[in-house]
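Trainee: I'm new to this structure and don't want the grand tour yet. Please pick one strand, look at it closely, and then show me some of what surrounds it.

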Amino acid sequence: MFDRDKWQEIFSTISKNKTRTVLTGFSVATGIFMLIFLLGAGRGLRNGMTSVFAQDATNSMQIYGGRTTKAYKGTPEGKRIQMVNEDYLGFKKSIEKLDVISAMSYIPGAEIISYKNNYGNFNVSPVHETYKEIKNFEILEGRFLNEKDIKENRKVVAIQDVVKEVLFPKETAINKLININNIKFKVVGVFNQPSFDDNSREIYIPITVAQNIFNNNDHLQRISFTLNDISVDESKKVEQFITYQMAKRHQFSPEDKNALWIQNNIENSQQFAGLFSAIEMFVWIIGIFTIALGVIGVFNIMMIVVKERTKEIGIRKAIGASPSSVVGLILMEAIFITAASGYVGLIAGVGLLEVITKFDLINKIYPPAAIYFLNPQVDLGIAVGATIVLVVTGALAGFFPARKAASIRPIEALRDE
């Protein structure tokens with residue numbers, strides 16, 4: 001392996017056939033580059049979509065009211081389905097395998113929030129204390145809303161970290177009073193929340209407070225809940241149960257798809273996982289075929305090398321060279337071309353992914369796509385493993401021509417011009 005004379009001979013052969021060697025190496029490098037880049041891009045897409053889906057628990061469902069598109073039992077089409085507290089309480093008692101359930105209300109009119117001389121427009125959402133278990137919050141300071149806040153109608157708030165930066169740029173927010181539409185609320189917690197974009201600026205207040213002091217009656221904007229140990233088929237049955245229950249309460253046709261919108265994250269997460277498994281499989285197929293083409297190129301060049309050096313091999317064997325030394329020489333050349341080209345492709349692929357990440361190129365080229373493409377990386381073990389497989393297949397590509405060369409009888413090789 002470390003025979004200096006053999007390496008000098010290999011480099012001499014390569015230097016005499018630069019164009020052929022470069023083209024062969026390019027095909028191998030392109031194969032590993034495409035595999036690494038496509039795997040990294042697929043991982044970036046998966047990371048981005050995972051981040052988007054991370055806003056809600058994967059075993060959660062959300063219910064929103066819509067508008068009817070069909071007349072039903074004397075009710076005209078176009079009726080707005082307004083969810084109320086009775087719907088929330090009904091689901092809390094009747095849905096099987098229910099884990100936690102929460103409702104979200106809303107505050108009519110402008111939402112002007114201030115602290116001293118700091119002002120901002122933020123999204124104020126009235127919720128139950130269980131909302132934290134449905135959304136993926138990370139509490140940074142203090143706490144989230146609790147059961148006592150809801151039952152005792154406490155004027156308290158939990159604010160997102162970006163809200164804290166605006167209202168409290170130089171001081172702590174906990175236990176400070178902020179104004180929401182000229183009503184004072186005490187800050188009890190600061191949290192971080194995954195979001196689709198950078199415009200998420202949330203403030204959560206007890207739902208009972210909003211319904212009592214902001215003239216909101218018992219109207220709800222959304223009902224969310226999580227389910228324990230449930231399959232996709234079972235979640236679809238829950239959807240059907242909810243639809244029929246709501247249709248009965250609000251007098252609309254159960255077949256009216258626009259009257260109610262149900263977001264089933266249990267089904268969505270399974271579809272998401274299946275989609276990206278298919279994408280990864282497709283990427284592997286493309287990468288493997290590309291690498292295979294490179295290996296075929298190595299095989300062809302080694303066949304040509306053997307044919308061109310038939311006379312030389314005959315002379316070597318005539319003066320005492322063993323078959324193993326002939327095989328070793330050709331194998332070393334095949335492995336060197338494959339390994340060097342594969343390493344170049346590996347570095348190029350990983351380098352491009354690093355450039356995309358470091359300079360945030362997706363966000364600069366097409367910002368709307370940036371939230372769906374996050375940290376395009378490839379697992380180092382997969383990258384190295386793919387390169388090793390490439391080298392092994394390259395060695396096999398050189399082995400068969402080498403074995404053919406070793407089997408040539410010296411007299412036949414010397415006769416072949």
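Mentor: What follows starts with one strand and then moves out to other strands, a helix pair, some salt bridges and a few single residues.

A bit of housekeeping first. This is a predicted model, so local features are given only where pLDDT is at least 70 and side-chain atom pairs count only at pLDDT 80 or more, while totals for chains, interfaces and linings use all residues. Residues are numbered from 1 along each chain as its sequence is written, and side-chain values use heavy atoms, with hydrogens and water left out.

Our strand is β8, residues 156-160. Helices and strands here are DSSP runs numbered from the N terminus: H or I over at least four residues for a helix, E over at least two for a strand. Five of the five residues in β8 are buried, so the strand is largely enclosed by the rest of the structure. "Buried" means under 20% relative accessible area, "exposed" means over 50%, and "partly exposed" is in between, using a 1.4 Å probe and protein chains only.

In a regular strand, side chains alternate between the two faces of the sheet. With β8, both faces are covered: V156, A158 and Q160 are buried on one side, and V157 and I159 are buried on the other.

Now for the strands it pairs with. Two strands count as paired if DSSP finds at least two bridges between them. With β10 (residues 183-192), β8 pairs in the parallel sense over five bridges, and F191 of β10 is the bridge partner of Q160. With β11 (residues 202-206), β8 runs antiparallel, joined by two bridges. There, A158 stands opposite Y204.

For another pairing, look at β14, residues 260-264, which is mostly covered, with four of its five residues buried. It pairs with β1 in the antiparallel sense over five bridges, and Q263 of β14 sits opposite Q62.

Helices can pack together too. Take α9 (residues 265-308) and α11 (residues 323-358): their axes are 11 Å apart and the angle is about 145°. Each axis is a line fitted to C-alpha atoms, for helices over the stretch in contact, and angles run from 0 to 180 degrees between N-to-C directions. The crossing is right-handed; that is, the near helix is turned clockwise from the far one by less than a right angle. V298, M302, V305 and V306 of α9 meet I330, E333, A334 and T338 of α11, where contact means heavy atoms within 4.5 Å. By class, the contact has six nonpolar, one polar and one charged residues. In that scheme Ala, Val, Leu, Ile, Met, Phe, Trp, Tyr, Cys and Pro are nonpolar, Asp, Glu, Lys and Arg are charged, and the others, Gly among them, are polar.

While you're on α11, find Y343. At 52% relative accessibility, Y343 is exposed. A383 is 40 residues from Y343 in sequence, and their C-alpha atoms are 10.0 Å apart in space.

Next come the salt bridges: a side-chain nitrogen of Lys or Arg within 4 Å of a carboxyl oxygen of Asp or Glu. The whole structure has nine of them. One joins R249 and D87, whose closest N and O atoms are 3.4 Å apart. This pair links distant parts of the chain, with R249 in α8 (residues 232-250) and D87 in α3 (residues 85-94), 162 residues apart. R249 is partly exposed at 28%, whereas D87 is buried at 1%.

Another joins K116 and E171, at 3.9 Å from N to O. K116 is exposed, with a relative accessible area of 59%, and E171 is partly exposed at 30%.

R154 and D149 form a salt bridge as well, with their closest N and O atoms 3.2 Å apart. R154 is partly exposed at 28%, but D149 is buried at 0%. Both belong to a network of salt bridges that links R143, D149, E152 and R154.

Last stop: T75, in the loop between β1 (60-65) and β2 (83-84). T75 is buried, with a relative accessible area of 16%. Leaving out residues up to four places away in sequence, T75 touches K70 and Q251.
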